[in-house]
Amino acid sequence: MKLLNVLANDGIDKEVFEILKNQQINIDTTHYEKEELLHKINDFDILVVRSATKVDKELIDAMAKGKTKLIIRAGVGLDNIDTAYAAEKNIAVKNTPNSSANAVAELVLGQMFNLARFLNLANITMKQGEWNKKAYTGMELEGKTLGIVGFGRIGQTLAKKALALGMNVIYFDLYPANLENCTSLSLKEVLKNADFISLHTTATEKPVINQETLNYLKPSAFLINASRGNVIDEKALLKALNEQRIAGAALDVFVNEPTPNEELCLHPLCSVTPHIGAATAEAQNRIGKEVLQHILDYLKGNK
Ligand code: MLT
């Protein structure tokens, strides 16, 4: 007899899937859309989601009527889960905060090299038959200042890599960290002094980067966001890019995913990726293993 029914509504790492099957755990990786999910959820003890499934009050009510006792977010951000309501209904929520920092930090580094050397633009224009050698004199990262807004696991992982490249690191966080050679400053000072700014806060009610704070950036500064779309006021960013008040931006996250602001996506000074910060085989495998641990812990507690 299977001990536990788990629904991984947005999929799960293959290796972890096999391990779970061998643990007498019934794991279903079918993706159910909202209406069907509301009916199906009764069959499952645990729901595992990535960002595609929105766990709202309606879904939590359906869970509370059935036997679902645990929601696991295979990822860091919990903004697609109504965690307060889940707590009210006695449904536990876990995430996997330890797994994706390296993948996100590497994506940001990639975008920093890209922005510094016009890789994205040079690639597009060359495919269009242009040879713009003179237009793409870039800069080196060594000796430049990286400003990190939000200095948790991802921010600190990025900082270590930037230091290894010979960059200076300044950061803003409500809770200063104890990381050597990184200087804690106010948000304004970080934005004013950085050549590259990378955002690593959780989803915020009001955008951290708005019309006012964008004015602090140097005209030569590049802005990178691999945290959550609503950390930036996209209209204000578009305006700043149109007026060339900053040098460029790289965005992995958007307010309206998966149909982001088209003007922003098509903007020549903006390099875009479809929320792939954690999308490496290694990170997904680590995330899967953190999910597995949560499931096994649950099983232990319920035997
Ligand atoms: C996360 O919160 O872990 C990342 O944004 C990755 C994702 O949701 O795809």
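Trainee: Which residues does the domain assignment of the chain give to domain 1, and which to domain 2?

Mentor: Keep in mind that this is a predicted model. A domain may be made of separate stretches of chain, and that is how domain 1 is given here: 5-99 + 281-300. Domain 2 is assigned 100-272.

Trainee: How many residues of domain 1 are in contact with domain 2?

Mentor: Read an interface by its contacts and its buried area together. In this model 10 residues of domain 1 touch 7 residues of domain 2. Between them the two domains bury about 600 Å², and 46% of that area is on carbon and sulfur atoms. The C-alpha centres of the domains are 32 Å apart.

Trainee: What is the strand order in the open sheet of 5 strands?

Mentor: Strand order follows the pairing, not the numbering. Here the order is β2-β1-β3-β4-β5, and the pairing is parallel. At the edges are β2 (25-28) and β5 (92-95), each paired on one side only. From one strand to the next, the twist averages 20°.

Trainee: Over how many bridges do β1 and β3 pair?

Mentor: Strand β1, residues 4-8, runs parallel to strand β3, residues 46-49, with 3 bridges between them. To place one pair on the screen, start at Ala8: its bridge partner in β3 is Val48.

Trainee: Now the sheet of 7 strands. In what order do they lie?

Mentor: The order is β8-β7-β6-β9-β10-β11-β12, again an open sheet with parallel pairing. β8 (182-184) and β12 (270-272) each have a single partner strand, so one side of each lacks a neighbour in the sheet. Ignoring direction, neighbouring strands are turned by 20° against each other on average.

Trainee: Which strands pair with β10?

Mentor: Look for a partner on each side. β9 (residues 196-199) pairs with β10 in the parallel sense over 4 bridges, and Phe196 stands opposite Phe222 in β10. Strand β11 (residues 248-251) also runs parallel to β10, joined by 4 bridges. There, Asn225 has Leu251 as its bridge partner in β11.

Trainee: Are the residues on the two faces of β10 buried or exposed?

Mentor: Sort the side chains by face and check each set. In β10 (residues 222-225), Phe222 and Ile224 are on one side, with Leu223 and Asn225 on the other, and all are buried. Both faces are therefore covered.

Trainee: Which helices lie across β10?

Mentor: Take the contacts, then the angle between axes. Helix α5 (residues 101-117) lies across β6 (145-149), β9, β10, β11 and β12, at about 155° to β10. Helix α10 lies across β10, β11 and β12, and runs at about 145° to β11. α10 (residues 234-242) also belongs to a right-handed β-α-β unit with β10 and β11.

Trainee: One residue to finish. Why does His294 count as buried?

Mentor: Burial is a matter of a cut-off: buried means under 20% relative accessible area. His294 has 18% relative accessibility, so it counts as buried. This histidine lies in helix α12 (residues 281-302). Leaving aside neighbours within four places in sequence, His294 is in contact with Leu70, Ile72, Lys94 and Asn95.

Terms used: Residues numbered from 1 in each chain as written. Predicted model: local features only at pLDDT ≥ 70, side-chain atom pairs only at ≥ 80, totals over all residues. Heavy atoms only, no water. Pairing = 2+ DSSP bridges. Axes fitted to C-alpha atoms, helices over the stretch in contact; angles between N-to-C directions. Buried < 20%, exposed > 50% of the residue type's maximum accessible area, 1.4 Å probe, protein only. Right-handed = clockwise from strand over helix to strand, strands pointing away. Domains from an automatic or database assignment. Contact = heavy atoms within 4.5 Å. Buried area = accessible area lost by both parts, 1.4 Å probe.
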